[in-house]
Amino acid sequence: MSRWFITRHLGALEWAQSQGFVFDKQQGHLHDVRCIQPGDCVFGSLPFNLAFAVQERGADYFHLSIEVPERLRGQELTAAMMSKYNAKFEQFIITRVKY
């Protein structure tokens, strides 16, 4: 079982580590979901389709949620800024609905 953190943002990695999170693997992007194994824990801000694929592989997904003010969107945030704007990991269960 591995703990993954998928982020390209140094501030996010520093924030997670300052909160006591330890990761076995860190990548900027999840290039191939087939590297995720059953029982793994994946942390990050993945699009729904990738988060769903992670869950389909038997892993848990924890989304990095943060209340970023509009004026700061698109900017790199520091670990301190992430704390200020209530960053947290939240587990979501994603269901695909077929039409």
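Two strands pair if DSSP finds at least two bridges between them. Strands (E, at least two residues) and helices (H or I, at least four) are DSSP runs, numbered from the N terminus.

This is a predicted model: local features need pLDDT of at least 70, side-chain atom pairs count only at pLDDT 80 or more, and totals for chains, interfaces and linings use all residues. Residues are numbered from 1 along each chain as its sequence is written, and side-chain values use heavy atoms, leaving out hydrogens and water.

**Exercise 1.** Find the bridge partner of Ile6 in β2.

*Solution.* Start with strand β1, residues 3-6. Three bridges join β1 to β2, and the two run parallel. Now look across from Ile6: its partner is Gln27.

**Exercise 2.** Give the strand order of the open sheet, then its edge strands.

*Solution.* Step one: the five strands have the order β2-β1-β3-β4-β5, with mixed pairing. Step two: β2 (25-27) and β5 (88-91) are the edges, as each pairs on one side only.

**Exercise 3.** Which helix or strand supplies the largest share of the largest nonpolar core?

*Solution.* Define the core: buried Ala, Val, Leu, Ile, Met, Phe, Trp, Tyr and Cys residues joined through side-chain atoms within 4.5 Å. Buried means under 20% relative accessible area (1.4 Å probe, protein chains only). This core has 18 residues; Phe5, Trp15 and Phe23 are among those with the most contacts inside it. Next, list the suppliers of at least two residues each: α1 (10-18), β3 (41-44), β4 (60-65) and α3 (79-84). The largest share, four residues, comes from α1.

How values were computed
Buried means under 20% relative accessible area, exposed over 50%, partly exposed in between (1.4 Å probe, protein chains only).
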